[in-house]
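Here is a small set of exercises to work through with the model open in your viewer. Try each task before you read its solution.

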Amino acid sequence: MARLALACLLLALCHNSAEAHGRRLPALNASGLEIPSSGHGELIALSRHYGDIIALADRHNTTDPKFRKLSNYARIQRYYCFWGMAPYSASDEESPFNECSHAYLSAAKQLLLYMRDMPAVAPDANALTSKIDAEMVQEGLAFIGCQYSGEVFFTSEFLTPHWELLPKHPPSLIAASVPVVLLAGGSLALRQRKRTRHS
């Protein structure tokens, strides 16, 4: 994990900032299933229930192509977005991880809505949908939008974080730097021990 963080940090610092802050270029591969982006407020609520949605999908044995595409995309895209572990990735529009968070959480939403029409899990899917809706209303999240709210994603294309924005987003930069610092400190301590033993 530390090596991965180091590689990501170096990539971000050396990246040529060719992409403007905002939407990417049109999808390179739009042949897959289309996924409309969720609003920023929805994203915040969905991030709390991503695990619940996936757990519900795992309980469903009878699947079809659309179900599998949505389920696979929601899982794999989350991997591309560092498993949703980057700080403020769902809540901060300025986060380098915000767009890729829109992608996997929007897929999770579509998966949940699709399961509402599947008899085996429909009652639980409806209950979870109602719970998320209620949270959005209570917290005033329903009408919050952001620069990625109108974007469309496709199951045929996975998005990576905006690495060129990492140096401009302190929470993400600090999170990426901590494993590197720990790794460096551990290496120095190990060398010091070896020197002490041989002295």
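**Exercise 1. A backbone angle after a helix**

Which residue just after H3 takes a positive phi?

Solution. Keep in mind that this is a predicted model. Step along the backbone past the end of H3, and you come to Phe82, with a phi of about 60 degrees.

**Exercise 2. Getting an overview**

Describe the secondary structure of the protein chain and how far its contacts reach along the sequence.

Solution. Start with the elements: the chain has six helices and two strands. Their order along the sequence is α-β-α-α-α-α-β-α. Next comes burial, where 40% of the 199 residues count as buried. Finally, take the contacts with a separation of 6 or more: 83% of them join residues 24 or more positions apart.

**Exercise 3. Where to trust the coordinates**

Which element has the lowest mean pLDDT, and which the highest?

Solution. Begin with the whole chain, whose mean pLDDT is 79, with 68% of residues reaching 70 or more. Then go element by element: helix H1 (residues 2-14) is lowest with a mean of 44, and H3 is highest with 96. Over residues 1-23 the pLDDT is below 50, although this stretch has 42 contacts in the model beyond near neighbours in sequence. Where pLDDT is low, predicted coordinates should not be read in detail.

**Exercise 4. Checking the geometry of H3**

Compare the expected and actual span of H3, then find out where its buried residues point.

Solution. First the length: at 1.5 Å a residue, the 16 residues of H3 should span 22 Å, and the end C-alpha atoms are indeed 22 Å apart. Now list the buried positions, which are Phe67, Leu70, Ser71, Tyr73, Ala74 and Gln77. These cover an arc of only 160 degrees around the axis, so they sit on the same side of H3. Their packing partners are strand S1 (34-36), H2, H4 and S2. To finish, look at the N-terminal end, where Asp64 acts as the cap: one of its side-chain oxygens is 3.1 Å from the backbone nitrogen of Lys66.

**Exercise 5. A buried glutamine**

What does the side chain of Gln77 reach at 2.7 Å?

Solution. Locate Gln77 in helix H3 (residues 65-80). Its relative accessible area is 0%, and therefore Gln77 is buried. The side chain reaches the backbone oxygen of Leu159. Leaving aside neighbours within four places in sequence, the contacts of Gln77 include Cys100, Ala103, Glu157 and Phe158. As a distance check, the C-alpha atoms of Gln77 and His102 are 9.8 Å apart, with these positions 25 residues apart along the chain counted as their separation.

**Exercise 6. Is H4 enclosed or open?**

How many of the 18 residues of H4 are buried?

Solution. Check the length as before: the 18 residues should span 26 Å at 1.5 Å a residue, and the end C-alpha atoms are 26 Å apart, in agreement. Burial is found for 14 of the 18 residues, so H4 is largely enclosed by the rest of the structure. Ser101, a residue of this helix, serves as an example. At 0% relative accessibility, Ser101 counts as buried. Its side chain reaches the backbone oxygen of Ser89 at 3.5 Å. Beyond four places in sequence, Ser101 touches Leu43, Cys81, Ser89, Ala90 and Ser106.

**Exercise 7. Mapping the nonpolar core**

Which residues have the most contacts inside the largest nonpolar core?

Solution. This core has 39 residues, and Ile53, Leu111, Leu112 and Met115 have the most contacts inside it. The elements giving two or more residues to the core are helix H2 (40-58), H3, helix H4 (98-115) and helix H5 (122-139). Follow Leu111 outward: among the residues it touches are Ile53, Ile54, Ala57 and Phe67. Ala57 belongs to helix H2 and, at a relative accessible area of 5%, is buried. Contacts of Ala57 beyond four places in sequence are Phe67, Arg75, Leu111 and Met115. Ala57 and Ser71 are 14 residues apart in sequence, with their C-alpha atoms 7.4 Å apart.

**Exercise 8. A histidine in a loop**

Is His162 buried or exposed?

Solution. Find His162 in the loop between strand S2 (152-154) and helix H6 (170-198). Its relative accessibility is 1%, so His162 counts as buried. Its side chain makes a polar contact with the side chain of Glu99 at 2.7 Å.

Definitions and conventions: Residues numbered from 1 in each chain as written. Predicted model: local features only at pLDDT ≥ 70, side-chain atom pairs only at ≥ 80, totals over all residues. Heavy atoms only, no water. Helix = DSSP H or I, 4+ residues; strand = E, 2+ residues; numbered from the N terminus. Buried < 20%, exposed > 50% of the residue type's maximum accessible area, 1.4 Å probe, protein only. Polar contact = N/O pair within 3.5 Å; in protein donor to acceptor, adjacent residues only side chain to side chain. Contact = heavy atoms within 4.5 Å. Core = buried A, V, L, I, M, F, W, Y, C linked by side-chain atoms within 4.5 Å. pLDDT = per-residue confidence, 0-100. Expected span 1.5 Å × (residues − 1). Arc of directions from axis to C-beta.
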